[in-house]
Structure formats: C-alpha cells, structure tokens
Amino acid sequence: MNKKDSWLFWWTLYMTAAAWVVLGIFSVLRFQADYCLVVGVCLTLSIANIVGFIKCSKDAKKQLQQIATQTITLRFSSTLQSAFSGV
C-alpha cells in the first residue's frame with residue numbers, strides 16, 4: 001500500500017471526527033438542540049468507522065504474518081523433501 005494514500009486515509013478519518021466535535025461545540029454554544037442531535041449521530045458513526053478500521057488493520061497485519069510464516073514453512077519443507085528425495 002502506498003504510504004501517502006494510507007496517511008491521507010487515516011488523517012481523513014480522524015479529521016472528520018474532529019470536525020464533528022468542533023461543530024458540536026458550536027451547536028451547544030448556540031443552544032441548537034436539533035443540530036446537537038445530528039452532530040451526535042454523525043460523531044458516533046465517525047468513531048465507529050475509526051474503531052472498525054483500526055480493528056481491521058490489526059487483523060490484516062496478523063493475517064499477513066500468518067501467511068508469510070506458512071509460506072516460509074512450506075517452502076522450507078518442500079526444499080528439504082526435494083533434497084532428500086533425490087538421494
């Protein structure tokens with residue numbers, strides 16, 4: 001994955017949540033309860049996105065490590081089998 005794309009993706013997630021917090025503060029200061037409700041829902045969904053993507057990112061790293069370990073193990077065992085089968 002491209003580092004710039006990853007950086008943009010994660011910062012966009014975080015900045016969206018930060019923007020909703022700022023908008024929530026403004027709506028509280030202006031005593032606009034209907035906007036507070038909208039901001040609360042949007043902030044909740046933004047945080048759910050962040051948590052979900054963090055969990056998926058961690059899980060993907062674990063799966064990638066497992067695949068790499070399995071591939072190395074299979075290659076090593078096939079190399080050993082081919083070395084001893086020719087004898």
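Reader: How far apart are the end C-alpha atoms of α1, and what should its 27 residues span?
Author: Both come to 39 Å, at 1.5 Å a residue, so the distance agrees with the expected span (1.5 Å times one less than the number of residues). Helices here are DSSP runs of H or I with at least four residues, numbered from the N terminus. This is a predicted model, where local features need pLDDT of at least 70, side-chain atom pairs count only at pLDDT 80 or more, and totals for chains, interfaces and linings use all residues. Residues are numbered from 1 along each chain as its sequence is written, and side-chain values use heavy atoms, leaving out hydrogens and water.

Reader: Thanks! Which residues in α1 are buried?
Author: L13, A17, G24 and S27. Buried is under 20% relative accessible area, exposed over 50%, partly exposed in between (1.4 Å probe, protein chains only).

Reader: And I25, where is that found?
Author: In α1, which covers residues 3-29. I25 has 47% relative accessibility, so it counts as partly exposed.

Reader: Which residues make the nonpolar surface patch?
Author: I25 again, with V21, V22, L23, F26 and L29, making about 560 Å². Patch members have over 30% relative accessible area (Shrake-Rupley, 1.4 Å probe) and no salt bridge, with nonpolar side chains joined within 5 Å. A salt bridge puts a Lys or Arg side-chain nitrogen within 4 Å of an Asp or Glu carboxyl oxygen.

Reader: What follows α1?
Author: F31, with a positive phi near 55°.

Reader: Switching topic: is K58 buried or exposed?
Author: K58, which sits in helix α2, counts as exposed because its relative accessibility is 55%.

Definitions and conventions:
Helices (H or I, at least four residues) and strands (E, at least two) are DSSP runs, numbered from the N terminus. Patches are made of residues with over 30% relative accessible area and no salt bridge: like charges are joined within 9 Å, nonpolar side chains (Val, Leu, Ile, Met, Phe, Trp, Tyr) within 5 Å.
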